[in-house]
Structures are given as C-alpha cells and as structure tokens.
Amino acid sequence: MLLPKGVQRNISLAPFAAYKVGGAADYFFEASTEIELVKVIDWAFHSKIPYFVLGSGSNLLIRDTGFRGLVIYVGPLTRSWKIELLEGEGRFRVPAAFSKAELLDFALMNGWSGLEFSAGIPGTLGGAVYMNAGTRWGSYESVIESVRLWIPKLGIVEKPATEMGFKYRGHGEGALSKGAIVLSVDIKLQKSSDNGSLSFAMVDRILSYRGARQALERPSCGSVFKNPEGSSMGAGRLIEAANLKGQAIGGAQISTKHANFILNTGEAKAKDIEDLVEFIQKTIFEKYKIELELELIIIGQ
Ligand code: EPU
C-alpha cells in the first residue's frame, strides 16, 4: 500500500504511554497541524484502517500486542499547537493536542481564572473532552463553550457544550459519533480580580493535596477506576478496605499510598496491569457487589 508522506510502519508505542508499556502500531504518524491531522485521518478512514489519536497517553493502556491500525501522535513532543484568541473577554480556542498543564500555566500567567481545578491533571485537552477530566475541585465542563470535531463523512462540525452531555468522567451517549476526533475546544475563563494571587494559592493547595495522597513516583495512569455511583466509598477506599493495597501481578502493583493507582514497578507488561485490573474488579464484586467501571482506556488486540 502506498502510504502518505510521514506515515511510518511498526513503531513501538511504549514510550508514548504513561505506563511505558505496550506493543507497536502498524502505522504511526506525528501530526503537528490540524490540516495534517485531518488529512491522515481521512486517508485512514477511506482506506478502512482503524485509527487512534494519541495525546500524552496519560490514561491509556496499550496492550503488548500493539495496535493493528494507524496511531496519530499529537502529544507533548509536538510543540507547534497554539492557543487562539476569540472575540469576547476570556474566550480562547485551544487545540485538542494542547497540554492541560500548559493551558493552566497560560491562564495563570495572564490573569485568567477558571482552570485552577485542573492543577496536576496530566494529558491533553482532547482527553479532557473525551472524559470530562476533573478533580474534586471541578471538571472541564465548567469552562467548555463548544467543541470542534472531525466526524467521518461529515467533516468538521462544531458542537455547543450543551450537546456534549458532560457527566462525571464522561460525555453523553452519542455525543461523539463513532470515529469522531476532537480538533479544538472553545473555552471561557474569568478575569482574575487580584492579579491571580488567589488562583496561584489554590493551585499550590491542590498540588500539595495530590502530592500527599497520590502515588506519583512510578509510571501510572492516575485513577484506574471511576468512583462508583451510589456508593459512599470511592474506588480507592473500597480497594483499600478489601485489603488489596500492595498486591502485585508481575511488575504491576496496587499502590500502597492510593489504592486506585496501579503502578508499573519497572518491568510490567500490559498484561500484568490488565490482569490486576480484572483481579480488583472480581474481588470488589465478590466482596461488595459493586462493579468498578474503568476510567483507564485500553486499546490493542
Ligand atoms: N482513600 C482511601 N484509600 C485509598 C485512597 C483514597 O481511604 O487508598 C480515601 C481518601 O482518604 C479520601 C477519599 O478516599 O478520603 C477520596 O480520595 P482522594 O481525595 O484521593 O480522591 P479520589 O476520589 O480517589 C478523585 C479523582 C482523582 C483526583 C482526586 C482529587 C476519580 C476516579 N479520581 O480521586 O483523579 O485527582 O479525586 O481531586 O474521580 C484521575 O482521574 O486520574 C485522578 C487522579
């Protein structure tokens, strides 16, 4: 098959995922502009090649057997994505590939408030839309006005946030049609009244909270499971109550600090992590009749 310029074959994905595990993609392309991104996805769609857009891989487990299709990498190695000023105070168009941390820095440095809740959340803005990323202090739905998508056969479509059906760690059923890709996000921030000192203080507080409670020293994807609806205990507390802290399969271990984190202690295979995920789900179901739903996204054969 004749490949578009820049498409590489058989590239290992492990370096691109937070867990540092995973096999190779059959095809790999690094996109640094929206035009490149749309062109290559259009090619994959018409060639019937499965595709996946990879940001910083912070919430992703790639199986050891890799991905039989095209991975389009738009993550942090690609520095060309820029924030665009829109008309109206505090309105910005942010490429989906833009990093959340850099967006927060931009807001803080320019006296805009509204994104403090996101301090410490890894990954790109595209992922933030997909899963309405957030913390106990808020989630992205509070700043998103609309989302620009590329949808197979329709091309570029803009959807107001009201049509996205955002909910805890997710979006409404059908809000993103099959094969849709997030291109950019229009957000609205508020002018800080005090030169941003309250915002800086809040970000510091959140970062210390996370540092004290979360296992940040080894490769992980953050929370593996969503907090179950209708349970007074979050996923971490439940897993701890089931005495699973520290349990390991191969190189994958449940953190002894925060039980909703699975760590790669060095030599983990994706299979070890997935087996541990299933072991946790089975144990929690047997003990508490609660089905833990994954926040982590798993791709590959
Ligand atoms: N807890 C335990 N044992 C544990 C872990 C937590 O008893 O092993 C207790 C804590 O002591 C606390 C409660 O459970 O009383 C909640 O824990 P925490 O404050 O750490 O929050 P969380 O619900 O586990 C959520 C998000 C995190 C986010 C934090 C802080 C989910 C699934 N996770 O965690 O998001 O950073 O709140 O806002 O909603 C992520 O999504 O990757 C992530 C890290």
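**Close-up 1. The hairpin of β11 and β12 in the predicted model.** In this predicted model, strand β11, which covers residues 144-151, pairs with strand β12, residues 155-160, in the antiparallel sense, and 6 bridges link the two. Within this pairing, leucine 149 stands opposite valine 157 of β12. The two strands form a hairpin that has 3 residues between them, and in its turn lysine 153 has a positive phi of about 75 degrees.

**Close-up 2. The open sheet that contains β11 and β12.** The hairpin strands belong to an open sheet of 5 strands, whose order is β6-β7-β13-β11-β12 and whose pairing is antiparallel. The edges are formed by β6 (84-85) and by β12, each of which pairs on one side only. Besides its pairing with β12, β11 also pairs with strand β13 (residues 181-188), again in the antiparallel sense and over 6 bridges. One position to look for along this second pairing is valine 147, whose bridge partner in β13 is valine 185. In a regular strand, side chains alternate between the two faces of the sheet. Helix α1, which comprises residues 34-46, lies across β11, β12 and β13, and runs at about 45 degrees to β11.

**Close-up 3. The contact of helices α2 and α4.** The axes of α2 (residues 100-109) and α4 come within 9 Å of each other and cross at roughly 145 degrees. On the side of α2 the contact is made by Leu104, Leu108 and Met109, while α4 contributes Ser199, Phe200 and Val203. Sorted by class, the residues of this contact comprise 5 nonpolar and 1 polar, with no charged residue among them.

**Close-up 4. The sheet of β15, β16 and β17 with helix α6.** Here 3 strands make up an open sheet in the order β15-β16-β17, and their pairing is antiparallel. Its edge strands are β15 (248-249) and β17 (262-264), each of which pairs on one side only. Strand β16, residues 252-254, runs antiparallel to β17 and is joined to β17 by 3 bridges, and glutamine 253 has leucine 263 in β17 as its bridge partner. Helix α6, which spans residues 270-288, packs on this sheet and touches β15, β16 and β17, with a direction that makes about 30 degrees with that of β16.

**Close-up 5. The residues around the ligand.** The shell around the ligand consists of 21 residues, of which Arg136, Tyr209, Arg237, Glu240 and Glu295 come nearest. By class, this shell divides into 6 nonpolar, 8 polar and 7 charged residues. Helices α4 (197-213) and α5 (235-241) each supply at least two residues of the shell, and the largest share, 3 residues, comes from α5.

**Close-up 6. Polar side chains at oxygen atoms of the ligand.** In this view, glutamine 214 places a polar side-chain atom 2.8 Å from an oxygen atom of the ligand. For asparagine 227, an N or O atom of the side chain is 2.8 Å from an oxygen atom of the ligand, and a polar side-chain atom of histidine 258 likewise lies 2.8 Å from a ligand oxygen atom. Of the 820 Å² of accessible area that the ligand has on its own, the protein covers 83%.

Note on methods
Residues numbered from 1 in each chain as written. Predicted model: local features only at pLDDT ≥ 70, side-chain atom pairs only at ≥ 80, totals over all residues. Heavy atoms only, no water. Near = heavy atom within 4 Å. Polar contact = N/O pair within 3.5 Å; in protein donor to acceptor, adjacent residues only side chain to side chain. Areas by Shrake-Rupley, 256 points an atom, 1.4 Å probe, with all protein chains shown as cover. Helix = DSSP H or I, 4+ residues; strand = E, 2+ residues; numbered from the N terminus. Nonpolar A, V, L, I, M, F, W, Y, C, P; charged D, E, K, R; others polar. Pairing = 2+ DSSP bridges. Contact = heavy atoms within 4.5 Å. Axes fitted to C-alpha atoms, helices over the stretch in contact; angles between N-to-C directions.
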